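This report walks through one protein chain, from its overall build to single positions. Keep the structure open while reading.

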Amino acid sequence: MDTPLIIGFDAKRIVSNTTGLGSYGRTLINALAEADHTGCDFRLYAPDSGRDDLRRQVINSERIRFVYPRNATLRITKDLWRQRGIVGDLKRDGVDLFHGLSGELPSGIRKSGIRSIVTIHDLIFMRHPEYYKWIDALLYARKFRRTCREADRIIAISECTKRDIVQLGGVDPDKIDVIYQSCGKSFQTEVDSEFDRQVKTQYSLPARYILNVGTIERRKNVLLAVKALPLLPADLHLVIVGRPTKYAEEIKRAVAQMGLQERVHLLHNVPNDELPALYHLAEAFVYPSRYEGFGIPIIEAIQSSLPVVACTGSCLEEAGGPHSLYVDPDDAEGMAHAIAQVTKGAAGREERIRLSKEYVHRFENNNVALQVIESYRHLLDL
C-alpha cells in the first residue's frame, strides 16, 4: 500500500472493561500492531478515557492513538456519540475501515461508505435469555440484528458462534469469518517459585487444589464443581476466582450445607499479575459453564500447563481441544470422575498437557492477528 490505511476500532471496552470483551480488544490491538508490517494507523474511539490502568495495557506506539468525542460530557451524550455520532468523526479522520470489537456497530456506518467489520462473541442473550432481564435480552437481540445489517463482514470467535449467527440472525455463512479469540502470552511465563510462594501465602492456598476462574454467575455453573468435590479425595480443594455476585452467595450457602467450608475457597479482586501464580499452583482447571462464545480461561490454563475439565453444549471443546475432558453440565459424578483423571499421579496426565499445549498454539497472538489482517485485506480488496 502506498499510503497507510487508517483502521478505526470501537474502544469503549478497551478502556473500561476488565473482563472478556476488554481483554479481547486490548490483546487484539497489541497483536495487530506487532504483526502488521503495512504501516496501518490504528485509531481507538472511546466515549471517554476510561481507566488509566486498562488504557496503559495497550502498547505505546506512534501508530496507535485514542480518539474521544469533543463535546460529550454526559452519559447520554457519550452513548449517542457511540451509537451514531461517531460516524462523523470516522469520516473526518479518513478512516478506511471500522472494526466493532464487541458485537456492535454505529447506525449509519454502511451509508457513510466506510467499510465495517464486527466481532460477535456470543449470542447467549438469544440462546439462553433466562440469564438476562427480559428487556435487556430484547434490546441486545434488536441491536444484534441491526449490526448484522450494517456490517460488511462479521468475525465469529468460534464455529459455535458462527452457527448461532446463521441460525438466529439469518446471516449468509459466507459473510462470516471464524477467527478464534486472541490469547495473550502472560500465562506462558516461566514459573517464579518465590513469587508463587508469596501468592500462596497471601491467599492461604491449600497444598492441593483445582482452579476455576471467571465471573461467578449462574451460567458459569461452578456449583457443579462444588457438588463433585465430596466424591474426590478429602485433601483436594476447589479455588474459585471471580467478582462477587448473587450467585457467589448461593455458592457459599451450598458449601455450608454440604460441610465443605474448609475445602472451597472464593477469591475476589485478584490482580491480573497474580493470576498466573494461581494457575501454576493448581493441579487442574475446571470450567463447567453451560454456554460460552469461546472460553479464554481454558486457554490460559493450558498455557499454564494445567489439564482442563469443561462441559459440553457450546464451544468449550473448540477452546480446549481433544485432549481436555468434557462432561454434561448437570453430571456431578461425571465431573468428579473426569477431575480424578487429570490430577497429579493420574495416568497420561503429562501427555494430555503436552498435546493440549500444542493444540492452543492456534490461539496465540500473531496467528490470530494475521487472520484479522487478512479479513481487512479481503474486505478492502487489497
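## Overall build

Of the 382 residues of the chain, 55% count as buried. The model is a predicted one. The chain holds 17 helices and 13 strands. Its C-alpha trace spans about 65 × 45 × 40 Å along the principal axes.

How does the radius of gyration agree with that of a compact globule? For 382 residues, such a globule would have a value near 21 Å, and the chain has 21 Å, which agrees. Contacts with a separation of 6 or more tell about the fold: 68% of them join residues 24 or more positions apart.

## Surface and charge

The accessible surface comes to about 17300 Å². Carbon and sulfur atoms account for 48% of that surface. The chain carries 51 positive and 50 negative charges. The mean positions of the two sets are 6 Å apart.

## Helix 8: one buried face

Helix 8 covers residues 159-169. Cys160, Thr161, Asp164 and Ile165 are buried in this helix. Seen down the helix axis, the buried residues fall within an arc of 140 degrees, so they line one face of helix 8.

What covers the buried residues of helix 8? The cover includes strand 5 (115-120), strand 6 (153-156) and strand 7 (176-178). It also includes helix 6 (124-127), helix 7 and helix 14. Gly170 follows helix 8 and has a positive phi, near 65 degrees.

## Helix 16: another buried face

Helix 16 runs over residues 349-359. Its buried residues are Arg349, Arg352, Ile353, Ser356 and Tyr359. They lie within an arc of 120 degrees when seen down the axis, so they line one face of helix 16.

The cover over these residues includes helix 13 (296-303), helix 14 (316-320) and strand 13 (325-327). Helix 14 is thus named twice: it is part of the cover for helix 16, and part of the cover for helix 8.

## Thr147 in helix 7

Thr147 sits in helix 7, residues 134-150. Is Thr147 buried or exposed? Its relative accessible area is 0%, so Thr147 is buried.

Leaving aside neighbours within four places in sequence, Thr147 is in contact with Gly103, Glu104, Leu105 and Val118. Helix 7 itself is part of what covers the buried residues of helix 8.

## Asp89 and Pro69

Asp89 is in helix 4, residues 75-92. Pro69 is in the loop between strand 3 (64-67) and helix 4. Both residues are buried: Asp89 has a relative accessible area of 13%, and Pro69 has 12%.

Which residues touch Pro69, not counting those up to four places away in sequence? They are Ala46, Pro47, Trp81 and Asp89. On the same terms, Asp89 is in contact with Tyr45, Pro69 and Trp81. Trp81 therefore appears on both lists, by the 4.5 Å limit between heavy atoms.

C-alpha separations show how the loop and helix 4 are placed. Pro69 and Ile86 are 17 residues apart along the chain, and their C-alpha atoms are separated by 7.7 Å. Asp89 and Tyr68 are 21 residues apart, with 9.3 Å between their C-alpha atoms.

## Gly242 in a loop

Gly242 lies in the loop between strand 9 (237-241) and helix 11 (246-257). Its relative accessibility is 13%, so Gly242 counts as buried. Outside its neighbours within four places in sequence, it is in contact with Gly214, Ile216, Leu267 and His268.

How far is Gly242 from Ala256 in space? The C-alpha atoms are 19 Å apart, and the two residues are 14 apart in sequence.

## Two asparagines with positive phi

Asn221 is not a glycine, although its phi is positive, about 65 degrees. It is placed in the loop between strand 8 (209-213) and helix 10 (223-228). Asn269 also has a positive phi, near 55 degrees. Its place is the loop between strand 10 (264-267) and helix 12 (275-281).

Which of the two asparagines is buried, and which is exposed? Asn221 counts as buried, at 7% relative accessibility. Asn269 is exposed, with a relative accessible area of 69%.

Terms used
Residues are numbered from 1 along each chain as its sequence is written. This is a predicted model: local features need pLDDT of at least 70, side-chain atom pairs count only at pLDDT 80 or more; totals for chains, interfaces and linings use all residues. Side-chain values use heavy atoms; hydrogens and water are left out. Helices (H or I, at least four residues) and strands (E, at least two) are DSSP runs, numbered from the N terminus. The radius of gyration is taken over C-alpha atoms; the globule rule is 2.2 Å times the number of residues to the power 0.38. Buried means under 20% relative accessible area, exposed over 50%, partly exposed in between (1.4 Å probe, protein chains only). Accessible areas come from the Shrake-Rupley method with a 1.4 Å probe; for residues, only the protein chains shown count as cover. Lys and Arg count as positive and Asp and Glu as negative; His and the chain ends are not counted. The place of a charge is taken as NZ of Lys, CZ of Arg, CG of Asp or CD of Glu. The arc is that of the directions from the helix axis to the C-beta atoms.
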